[in-house]
Amino acid sequence: MLEVHYFAGYRERLGLDRERLDWQPQLASVEQLRQSLVARGGAWSALAAQNLMCARNQELCGLDQALQDGDEIAFFPPVTGG
């Protein structure tokens, strides 16, 4: 099982803050998970953003990060500040 969290604008656009997905071996990386979510169409296309940030098990990571059953993944827009 993967637990996927959506933050800030992604949460607002998708209308949910998290979901649980059955583990699938073909979702071997964060990028493959992202592409499967984008394939849902509609509002999910927001996750195709080039500047998307992600974390695996509460640590920032790249889209090439490998996934394992039981991982927690988070997607959030870039942080800005001043």
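Two strands count as paired here if DSSP finds at least two bridges between them. With that in hand, let us walk through this predicted model, starting at its N-terminal end. Strand β1, residues 2-6, and strand β2 run antiparallel and are joined by four bridges. If you would like a place to anchor your view, look for His-5, which stands opposite Arg-18 in β2.

Stay with β2 for a moment, since its side chains tell a neat story. Along residues 18-21 they alternate between the two faces. Glu-19 and Leu-21 point to one face and are buried, whereas Arg-18 and Arg-20 point to the other and are not. Buried means under 20% relative accessible area.

Now zoom out to the whole sheet. Strands of a sheet pair through backbone hydrogen bonds, in either a parallel or an antiparallel sense. Here five strands make up an open sheet with mixed pairing, and reading across it gives the order β2-β1-β5-β3-β4. At the edges sit β2 and β4 (59-61), each of which pairs on one side only. From one strand to the next, the twist averages 25 degrees. Helix α2, residues 30-38, packs on this sheet and touches β1, β2, β3, β4 and β5 (72-76). The direction of α2 makes about 65 degrees with that of β5.

Next, follow strand β3, residues 53-56, to its partners. With β5, the pairing is antiparallel over four bridges, and Met-53 stands opposite Phe-76 in β5. With β4, β3 also pairs in the antiparallel sense, over three bridges. Two contacts across that pair are easy to pick out by their bridge positions: Arg-56 stands opposite Glu-59, and Ala-55 has Leu-60 as its bridge partner.

That brings us to the turn. β3 and β4 form a hairpin with two residues between them, and the backbone there deserves a closer look. Most residues other than glycine have a negative phi. What is the phi of Asn-57, which is not a glycine? Its phi is positive, about 50 degrees. Gln-58 also lies in the loop between β3 and β4, and its phi is likewise a positive value, near 65 degrees, in a residue other than glycine.

How accessible are these loop residues? Asn-57 is partly exposed, with a relative accessible area of 35%. Gln-58 is exposed, with a relative accessible area of 67%.

Key:
Residues are numbered from 1 along each chain as its sequence is written. This is a predicted model: local features need pLDDT of at least 70, side-chain atom pairs count only at pLDDT 80 or more; totals for chains, interfaces and linings use all residues. Side-chain values use heavy atoms; hydrogens and water are left out. Buried means under 20% relative accessible area, exposed over 50%, partly exposed in between (1.4 Å probe, protein chains only). Axes are lines fitted to C-alpha atoms, for helices over the stretch in contact, and angles run from 0 to 180 degrees between N-to-C directions. Contact means heavy atoms within 4.5 Å.
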